[in-house]
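Hello,

Here is the structure I said I would pass on. My notes follow below it.

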Amino acid sequence: MEKKNLDAILDAVKTAGVKTASALKSLLAETEEKAQAPAECLTARGRIEALFDAGTFMESGTFIRRADNEDAFEGVICGWGSVAGRLVFAFSQDYSRAKGALTEAHADKIAEIYRLAVENGAPVVGIFDSAGALLPEGTKALAGYSKIMKSVSMASGVIPQIAVIPGICSGSSAVIAGMFDFIIISEKKGRVSFNAPFAVDCADAGSAAFAEKSGLASLSAKNDGECILKAKELLSYLPMNNMEGTVEEENGDDANRLCDISAYTESGDTAELVKAVADGGRYFELNTEYAKEMTVGFISANGTVCGVVANRKSANDGVLTADAARKASRMISFCDAFDIPVITFVDSKGADVSLNAEASPYAAELAKLAFAYSTAKCPMVTVIAGEAYGAVFSVMGSKAIGADVVLALESAKVGVMSADRAVAFLWNDKISDTVSRSELEAKWDETQGSPVAAASTGEIDDIIDSAELRQRVCGAVMMLSAKSKCAPARRHANMPL
């Protein structure tokens, strides 16, 4: 080849922006070297490295560059690796690269990771830190958001999805994060909101405290590193996909050990009752700042991971508010999607009787809760630990609505209404100089408010002593371990001959 032809080819390659592999690697190394994170924060690469087991991360689309700048790489790092030995896919938006601006190619990288995650049946961890779309791309960038939204929605209920927010997550990015199963936000720099704080005249809007109180964020941590640690802990409770079934693990806690519920009876905090039942007393609680009268989370019961839904009597008397119903519904829906057993602990003063509740609208939120329980096919065990009156008894995992096993403690109170309301409504005329209101209330509890009446009609399977609660719950979960799997196929009945 003549030298002039070779020179022409090289000039054409240079004009087209084509670089050698070594040049691209050098350019990427320079980009990474320039990346800096605020104090107590990690770079996008640092977050990825903190998430995955050492040396296991494999990056995809590494050298994809922005269309408007051939020397700038797309503002998202994507790939896969292992977390505690299990396959996980992840993307980490890089604020140091043009403020993590979302482009068409940026969205394509994330969509490709989702394709691989769904086809391989493995969770996705999304780390959000972007100032928004790249404005010069216009509708291409907006379509990119739509493409990610579709990927997330198609993966919902198929693989677990955890959003980690160590930086900015606003506008359409907040919508995408809201579509994930769980959000973990950093108290240091994390912000998640559709509208900018100045637009709603609230400087605190989108902060970790704000997001937790609104129910958008499931968990918070003081900085990036702790957010990643919580994401890894949460992953340990979740199955790889909706076909794997709940996590089973070796456990050293005796399923038959006696259960001490004194911490619960003294405080009224049902979380203490959950810990008394759980293996090693470990309860991974979620959404602690939202609807505190309801507690949800994960435990292990004799080595089987279970979801927990429980009224918390120590907060607002455990009243079943609209927010509490919504919180419980979402937890049940997630567990059912991934065949995780649900253990319900009931102890509530009753329904929310207020105008604010009706404006929620209250009936619609209770309808969602009833729908979640009645359509769930995962194993369900209910424990009536305290009060279960009226609609609370009906919608909080009753046998008639779909629970497989319902147990009640001997001290439980079950009925159409509480003793004080029942006496005021039905027996008020019996109060006299010789019969006091307190005596009538005690009689109501003994005859109409005890779990015996419900047990006699089959709505409660057994009335048990609190000491055997762990044993009975673990036994029920073990018995139901094959519930959602296909029943054995029958060739034909065995005809009597």
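**Sheet, helix and cores**

Isoleucine 463 in β20 is the residue that alanine 408 stands opposite. Strands here are DSSP runs of E of at least two residues, helices runs of H or I of at least four, numbered from the N terminus. Strand β18 (residues 405–409) runs parallel to β20, and three bridges join them; two strands pair if DSSP finds at least two bridges between them.

This is a predicted model: local features need pLDDT of at least 70 and side-chain atom pairs 80 or more, while totals for chains, interfaces and linings use all residues. Residues are numbered from 1 along each chain as its sequence is written, and side-chain values use heavy atoms, without hydrogens and water.

Both strands belong to an open sheet of seven, ordered β12-β13-β14-β15-β16-β18-β20, with mixed pairing. Its edge strands, β12 (284–286) and β20 (462–464), each pair on one side only.

In helix α18 (residues 469–479), the buried residues (under 20% relative accessible area, 1.4 Å probe, protein chains only) are Leu469, Arg470, Val473, Cys474, Ala476 and Val477. They lie on the same side of α18 because their arc around the axis is only 160 degrees, taken from the directions from the helix axis to the C-beta atoms. Met478 and Met479, on the face turned away from that side, are exposed (over 50%).

The largest nonpolar core has 69 residues; such a core is a set of buried Ala, Val, Leu, Ile, Met, Phe, Trp, Tyr and Cys residues joined through side-chain atoms within 4.5 Å. Helix α11 (residues 322–337) gives the most to this core, eight residues.

Regards
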